[in-house]
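Hi,

Here is the structure I promised to pass on to you. Have a look at it first, and then read on for what turned up in it.

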Amino acid sequence: MNKITTKFKCGYDANKTYYESKLDSNSIPSIYIHGVGLDNSMWHMQKKYFKKNIIFYDLINHGKTKIKSKKINYDDFNSQLLNLIHFFNLKKINLIGFSFGSIVALNFSIKFNRIINKLILISPIYQRTDKEKRLVNTRYLEAKKNSISDLAIKRWFTKNYLKKNPKVYKFFFDLLENNNKKDFLAAYKLFATSSDINANFEQINIPTLIMTGEKDKNSTPNMSVKLNKKIKNSKLKIISNSKHMFLYEKNI
């Protein structure tokens, strides 16, 4: 894993959310939301590529954020993000969410559409089938007893990519293994038990890009197709020959 050379301003907002930012007041900043069990370090390629107008932060119960909760809901994540936006005194943002972060971003966009300039949903989860619900619940129950880090990474990446990129495997394995188990399970339970967003999607009238991997069994292409039909001003991109973490496999 290459080290980040761009210097970021790092710190905490008034509500103890950890952030890393590099802002230019002349344009609209982009805020990135990581996946469950991860933290803002998953965006290291984006930090290296985009030199300004970017904010990365750690969700509740993740990373360096000091907000901890035994029971979390999406309103908590909405409040966290809204507080961060107010902290930076932002009028408009671009919002990018990955996996669980895409659910957070989608929920936020439905309620605070006026703040969003553009929305990007990467590997989103939407309307799991009964079989998919059973599988993710099984993974949650297994996580309560044992480590699921290795299995998770093998679901996220193609076998060939992991064989060629052992440092990427180690990076994500260490990140997952270093989670506080109680904090992780509270977030993972929410992720595992919620995929049906019952809301008025007409409120999302902003340009939206939906992307997922062709071989992703977590955030299936079918989920993205259904979401694309719900959000009228959206475009859909299925990334060929890739799984959940196509951002890494395709250097996007």
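Leaving aside residues up to four places away in sequence, serine 99 touches Ile122, Ser123, Ile125, Phe191 and His244. Please keep in mind for this and everything below that the model is a predicted one. Serine 99 sits in the loop between strand 5 (93-98) and helix 3, and at 5% relative accessibility this serine counts as buried.

Two of those contacts are worth following up. Isoleucine 122 belongs to strand 6 and is buried, with a relative accessible area of 4%. What does isoleucine 122 touch, not counting residues up to four places away in sequence? The list is Trp43, Ile96, Gly97, Phe98, Ser99, Ser102, Met211, Phe246 and Leu247. Measuring from C-alpha to C-alpha, isoleucine 122 lies 9.4 Å from phenylalanine 100 in space, with their positions 22 residues apart in sequence.

The other one is serine 123, in the loop between strand 6 (116-122) and helix 4 (130-145). Its backbone may catch your eye: phi of serine 123 is near 50°, a positive value in a residue other than glycine. Serine 123 is buried, too, at a relative accessible area of 0%.

Asparagine 61 also has a positive phi, about 70°, although it is not a glycine. You will find asparagine 61 in the loop between strand 4 (54-57) and helix 2, where its relative accessible area of 4% makes it buried. That loop holds isoleucine 72 as well, which is buried with a relative accessible area of 8%. Not counting residues up to four places away in sequence, isoleucine 72 touches Ile60, Asn61, Phe77, Ala186, Ala187 and Leu190. Isoleucine 72 and aspartate 183 are 111 residues apart in sequence, yet 9.8 Å apart in space from C-alpha to C-alpha.

Now to the helices. Two packed helices are described by the angle between their axes and the distance between the axes. For helix 2 (residues 74-87) and helix 3 (residues 100-111), the angle is about 75° and the axes are 9 Å apart. Angles of 65 to 115 degrees count as roughly perpendicular, so helix 2 and helix 3 are roughly perpendicular to each other. Which residues meet where these helices pack? Helix 2 brings Tyr74, Asp75, Phe77, Asn78, Leu81, Leu82 and Ile85, and helix 3 brings Phe100, Ile103, Val104, Asn107, Phe108 and Lys111. By class, this contact has nine nonpolar, two polar and two charged residues.

Several of those names come back among the aromatic residues. One aromatic cluster is formed by Tyr74, Phe77, Phe100, Tyr140, Phe184, Tyr188 and Phe191. Phe191 has a further partner: the charged end of arginine 128 sits over the ring of phenylalanine 191, 4.9 Å from its centre. Elsewhere, lysine 66 lies over the face of tyrosine 12, at 4.5 Å from the ring centre.

How many aromatic pairs does a search of the whole structure find? There are 24. In one of them, the rings of phenylalanine 157 and phenylalanine 172 have their centres 5.7 Å apart and their planes at 55°, so this pair is tilted. The pair links distant parts of the chain, 15 residues apart: phenylalanine 157 is in the loop between helix 5 (149-156) and helix 6 (159-164), and phenylalanine 172 is in helix 7 (residues 166-177). Phenylalanine 157 is buried, at a relative accessible area of 0%, and phenylalanine 172 counts as buried at 0% relative accessibility.

Tyrosine 169 and phenylalanine 173 make another pair, with ring centres 5.8 Å apart. Why is this pair stacked? The planes are at 15°, and planes under 30 degrees apart count as stacked. These two residues are four residues apart in helix 7, so about one helical turn separates tyrosine 169 from phenylalanine 173. Are they buried or partly exposed? Tyrosine 169 counts as partly exposed at 23% relative accessibility, and phenylalanine 173 is partly exposed with a relative accessible area of 27%.

Happy browsing, and best wishes!

Terms used
Residues are numbered from 1 along each chain as its sequence is written. This is a predicted model: local features need pLDDT of at least 70, side-chain atom pairs count only at pLDDT 80 or more; totals for chains, interfaces and linings use all residues. Side-chain values use heavy atoms; hydrogens and water are left out. Axes are lines fitted to C-alpha atoms, for helices over the stretch in contact, and angles run from 0 to 180 degrees between N-to-C directions. Angles under 35 degrees count as roughly parallel, over 145 as roughly antiparallel, 65 to 115 as roughly perpendicular and the rest as oblique. Contact means heavy atoms within 4.5 Å. Ala, Val, Leu, Ile, Met, Phe, Trp, Tyr, Cys and Pro count as nonpolar, Asp, Glu, Lys and Arg as charged, and the others, Gly among them, as polar. Rings of Phe, Tyr and Trp (its six-membered ring) pair if their centres lie within 6.5 Å; planes under 30 degrees apart count as stacked, over 60 as edge-to-face and the rest as tilted. Buried means under 20% relative accessible area, exposed over 50%, partly exposed in between (1.4 Å probe, protein chains only). A charge sits over a ring if NZ of Lys or CZ of Arg is within 6 Å of the ring centre and within 35 degrees of the ring normal.
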